[in-house]
Amino acid sequence: MDTTSLKKYFFAGAAASLAVIVVVWQVGYDTGAKSISAQITQSQSPAEVKSVVGKIVNISGATLTVITTASTGSVRDVTTDSNTVFERVIRKNPKTLQSDMLAFNKRIKTATTSDTPLQFPLPFTFKKISLTDLRVGDIVVVTAAEDILTKSQFTATRVSVQSPP
């Protein structure tokens, strides 16, 4: 074989190898992109939802109409009954929270493994209220016993009103 023929075979082999590398890379890239896309879709779509956050836009008897603050902004009609717990979430003042944290740190140092689990101090307290304390415009967290992901009407087990800052 002469040099010209060898060069042709070399360049043809190099071009074929490059084509195989490009195809294999593209298949790997597409597979990875599909996998990541599927993971993102799964992480953005919960299987079950039992709480929604929203703003009360209407109160009619024992039913609240809430527009959720989620990206969909869906309207939910929330029925309350005698079993529904109503509470106001109140931020603790910084001194009280600091005192609670110091007491918690002391309990950690003296706790033994046989003690009941320690509860980390919450930065807020809950004040029991009633349905009549709710106002249009209040921001609420509404919790249900059932999956409410796709429901526009449900019965609340708990309605927590967020206090203004």
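The exercises below concern a predicted model of one chain, each with a worked solution.

Residues are numbered from 1 along each chain as its sequence is written. In this predicted model, local features need pLDDT of at least 70 and side-chain atom pairs count only at pLDDT 80 or more, while totals for chains, interfaces and linings use all residues; side-chain values use heavy atoms, with hydrogens and water left out.

**Exercise 1. Overall layout**

State how many helices and strands the chain has, and describe its pattern along the sequence.

Solution.
- Step 1: There are two helices and eight strands. Helices (H or I, at least four residues) and strands (E, at least two) are DSSP runs, numbered from the N terminus.
- Step 2: Along the sequence the pattern reads α-β-β-β-β-α-β-β-β-β.
- Step 3: Of contacts between residues at least 6 apart in sequence, 61% join residues at least 24 apart. A contact means heavy atoms within 4.5 Å.
- Step 4: Of the 165 residues in the chain, 18% are buried. Buried means under 20% relative accessible area, exposed over 50%, and partly exposed in between (1.4 Å probe, protein chains only).
- Step 5: The chain has an accessible surface of about 11800 Å², and 60% of that belongs to carbon and sulfur atoms. The areas come from the Shrake-Rupley method with a 1.4 Å probe; for residues, only the protein chains shown count as cover.

**Exercise 2. Salt bridges**

Find the salt bridges of the structure and say which elements the pair Glu87 and Arg158 ties together.

Solution.
- Step 1: The criterion is a side-chain nitrogen of Lys or Arg within 4 Å of a carboxyl oxygen of Asp or Glu. The structure holds three such bridges.
- Step 2: One of them joins the side chains of Glu87 and Arg158, at 2.8 Å from N to O. Because Glu87 belongs to strand β4 (residues 85–91) and Arg158 to strand β8 (residues 158–162), this pair ties together parts 71 residues apart in sequence.
- Step 3: Glu87 is buried at 8% relative accessible area, whereas Arg158 is partly exposed at 33%.
- Step 4: Asp100 and Lys92 form another bridge, at 2.5 Å from N to O. Asp100 is partly exposed, with 24% relative accessibility.
- Step 5: Glu146 and Lys151 also meet in a salt bridge, at 2.8 Å from N to O. Glu146 is partly exposed at 31%, and Lys151 is partly exposed at 33%.

**Exercise 3. Polar contacts of Ser160 and Thr65**

For Ser160 and Thr65, determine which side chain each one meets in a polar contact.

Solution.
- Step 1: A polar contact is a pair of N or O atoms within 3.5 Å; within protein, one must be able to donate a hydrogen and the other to accept it, and residues adjacent in sequence count only if both atoms are side-chain atoms.
- Step 2: Ser160 is placed in strand β8 and is buried, at 7% relative accessibility.
- Step 3: The side chain of Ser160 meets that of Glu87 in a polar contact of 2.6 Å. Glu87 also takes part in the salt bridge with Arg158.
- Step 4: Neighbours within four places in sequence aside, Ser160 is in contact with Glu87, Val89, Ile139, Val140 and Val141.
- Step 5: Thr65 is in strand β2 (residues 63–68) and is buried, with 14% relative accessibility.
- Step 6: The partner of the Thr65 side chain is the side chain of Asp77, at 3.1 Å. Residues up to four places away in sequence not counted, Thr65 touches several residues, among them Lys55, Val57, Val75 and Asp77.

**Exercise 4. Aromatic pairs**

Which arrangement do the rings of Phe104 and Phe120 adopt?

Solution.
- Step 1: Rings of Phe, Tyr and Trp (its six-membered ring) pair if their centres lie within 6.5 Å; planes under 30 degrees apart count as stacked, over 60 as edge-to-face and the rest as tilted. Two aromatic pairs are found in the whole structure.
- Step 2: The ring centres of Phe104 and Phe120 are 5.3 Å apart and the planes stand at 80°, so this pair is edge-to-face.
- Step 3: Phe104 is in helix α2 (residues 94–110) and Phe120 in the loop between α2 and β5 (124–128), 16 residues apart.
- Step 4: Phe104 is buried at 8% relative accessibility, while Phe120 is partly exposed at 46%.
- Step 5: For Phe124 and Phe126, the centres lie 5.4 Å apart with planes at 85°, so that pair is edge-to-face.
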